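Dear colleague,

I am passing on a structure that I have been looking through, and I would be glad if you opened it beside this message. My notes on it come just below.

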Amino acid sequence: MDTACGSDPPQSKKVCVIGAGMAGLAAARELRREGHDVTVLEQSGDVGGQWLYDPRTDAADPLGVAAPVKVHSSMYASLRLISPRQSTGFTDFPFCPKSGRDDRRFPGHREVDLYLKDFCDAFGLMDAVRLNTRVLRAAMTPARRWAVRSVDLGVGECDGADEKKLDAYVDEVFDAVVVATGHYSQPRLPSIKGMETWRGRQMHSHSYRVPEPFRGEVVVVVGCGESGKDIAMEIRGVAKEVYLVAGSMEAVTPGLSKVLAKHSANLHLRLEVERLCEDGRVAFKDGGGSSSSVAADTVIYCTGYSYSFPFLETGGAVTVDDNRVGPLFEHVFPPSLAPSLSFVGVPRKIFAPRFFEIQARWVAQVLSGRRALPAEEEMRRSVEEFYRARDAAGVPRKYTHEIGRREPTYMDDFGEKYCDFPRVEGWRHELLGSFVRGMMENLETFRDDYQDSDSIHRAMQEWHLSCVQSSPPSCCSYAESQAAVPAQLVSVNQHND
């Protein structure tokens with residue numbers, strides 16, 4: 001069991017956080033609060049991680065086969081949150097509407113990015129962040145510290161093997177490393193017969209930004225998660241025909257059925273791609289032994305993402321197997337390398353960034369000595385028991401880190417057990433549940449057409465009042481400096497398998 005460590009003075013460690021997205025910023029703030037010396041290494045030119053919209057794509061590799069991908073962000077221009085902002089912010093820094101910005105309950109990705117920059121300003125984190133810095137290698141030294149090699153991308157791209165650019169490397173040693181690189185960058189592709197030779201255009205949703213390139217085309221969208229549905233509905237407005245491929249009829253919610261009926265002229269549902277044919281056709285399995293095909297111009301795979309840590313060298317202590325990162329005790333600590341190596345932000349289907357705060361606070365307190373981890377063998381047994389329980393429940397390995405729908409109390413129980421973190425207020429659960437139901441019933445309109453219950457209405461009034469009363473002027477500094485920049489029409493969709 002995790003325990004407090006008595007009255008020993010907390011220890012300050014030199015910690016490297018890899019990634020300055022939502023999880024990395026949560027980690028940096030909690031580590032600093034605990035008195036650690038923090039350096040955050042971020043490969044992009046600004047903080048924000050996925051929320052830092054990049055109009056560029058991996059044009060030479062639209063399927064994202066190479067690892068790591070050249071462009072980190074997978075945001076498309078129209079993306080909006082699928083969770084209300086009231087359940088999306090940090091616990092002590094609410095995601096309040098700002099004058100002159102996107103004040104919708106489900107704002108676009110630019111608003112989330114601005115919020116994260118406001119968070120950095122409010123807590124003075126930017127002086128710990130080193131931008132345009134890619135981590136090439138992180139490996140444990142014989143002294144059980146971490147040697148981290150990075151490169152300044154301002155000097156030029158470097159894959160770690162170009163001896164001519166060795167002078168661009170920076171080698172540093174840290175007491176601990178926190179991996180917070182997210183998991184919506186490296187495309188996860190299906191295995192479909194004929195993919196290697198199909199003559200049409202194939203791409204992953206990672207490389208999708210706007211619908212215009214698909215004007216007049218016949219497009220097949222493989223995958224019926226949130227991104228697949230969003231992209232199919234958007235492309236339908238310019239394409240000749242769109243075929244949305246779902247894994248099963250279970251994925252066809254009442255809301256999707258309404259959309260399909262409303263736009264039946266050029267939006268169609270199919271259940272499985274059988275193969276991509278050499279003549280440019282896509283053949284579908286329609287169920288009941290029947291099949292059909294269509295001559296298509298483009299196939300877009302909205303099939304999710306893979307966890308990828310190409311910089312991390314652990315000698316096999318941490319592996320990624322069918323999207324299971326492990327072994328990780330409570331999705332955070334690899335038993336044989338704990339506590340000096342940890343992961344923040346691996347779980348999916350959780351309250352973010354709240355759960356990242358909880359994980360980060362636990363990591364920070366373990367590193368300072370205020371909390372103790374179980375023995376290595378005990379952590380390993382716990383992970384094995386968790387795997388057996390998931391297997392017995394029939395949960396596919398790729399969903400190992402999907403928490404919310406399978407373990408609804410996990411986040412609150414975790415916070416209470418490991419770092420005395422307060423539980424989520426009941427009204428936030430009610431709010432989120434109401435919008436999940438709204439999305440299931442009204443896919444096109446749930447973000448903008450909603451009816452609050454009396455209890456949610458009262459809670460929302462109190463929440464907005466607290467925003468007015470508690471928002472410090474320092475929170476607005478970045479926003480005010482960016483007020484003249486046009487907002488993107490966009491949204492935080494979670495990319496699902």
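What follows goes through the disulfide, then one sheet, and then the aromatic rings.

Please keep in mind while reading that this is a predicted model, and that the values below were computed from it.

I began with the cysteines, where the count comes to one disulfide. This disulfide joins C96 to C467, with the two sulfur atoms 2.1 Å apart, and the link of C96 and C467 is left-handed, with -85° about the S-S bond. Because C96 lies in the loop between β3 (37–41) and α2 (109–123), while C467 belongs to helix α9 (residues 454–470), the pair ties together parts that are 371 residues apart in sequence. Both ends of the link are away from the surface in the sense of relative accessibility: C96 counts as buried at 9%, and C467 is buried with a relative accessible area of 6%. What keeps C224 from forming a bond with the closest cysteine sulfur? That sulfur is in C302, and because it is 9.7 Å from the sulfur of C224, it is too far for a bond. C224 itself counts as buried at 12% relative accessibility, and C419 counts as buried at 4%.

Turning to the strands, you will find an open sheet of four strands in the order β7-β6-β5-β19, with mixed pairing. Since β7 (169–174) and β19 stand at the edges and each has a single partner strand, one side of each is left without a neighbour in the sheet. Strand β5 (residues 133–140) and β19 run parallel and are joined by two bridges, and the bridge partner of A139 in β19 is E313.

The aromatic rings took the rest of my time, as the structure holds 25 aromatic pairs. One of them is formed by F309 and F343, which meet edge-to-face at 5.3 Å centre to centre, with 70° between the planes. F309 lies in the loop between β18 (305–306) and β19 (312–313) and F343 in strand β22 (residues 341–343), so this pair ties together parts that are 34 residues apart in sequence. F309 and F343 are both buried. Elsewhere, F329, F333, F355, W362, Y410, F414 and Y418 form one aromatic cluster.

Finally, there are charges placed over rings: the charged end of R29 sits over the ring of F123, 4.6 Å from its centre, and the charged end of R270 sits over the ring of F284, 5.8 Å from the centre of that ring.

With best wishes

Key: Residues numbered from 1 in each chain as written. Predicted model: local features only at pLDDT ≥ 70, side-chain atom pairs only at ≥ 80, totals over all residues. Heavy atoms only, no water. Phe/Tyr/Trp six-rings, centres within 6.5 Å; stacked < 30°, edge-to-face > 60°. Buried < 20%, exposed > 50% of the residue type's maximum accessible area, 1.4 Å probe, protein only. Lys NZ or Arg CZ within 6 Å of the ring centre and 35° of its normal. Pairing = 2+ DSSP bridges. Disulfide = S-S within 2.5 Å.
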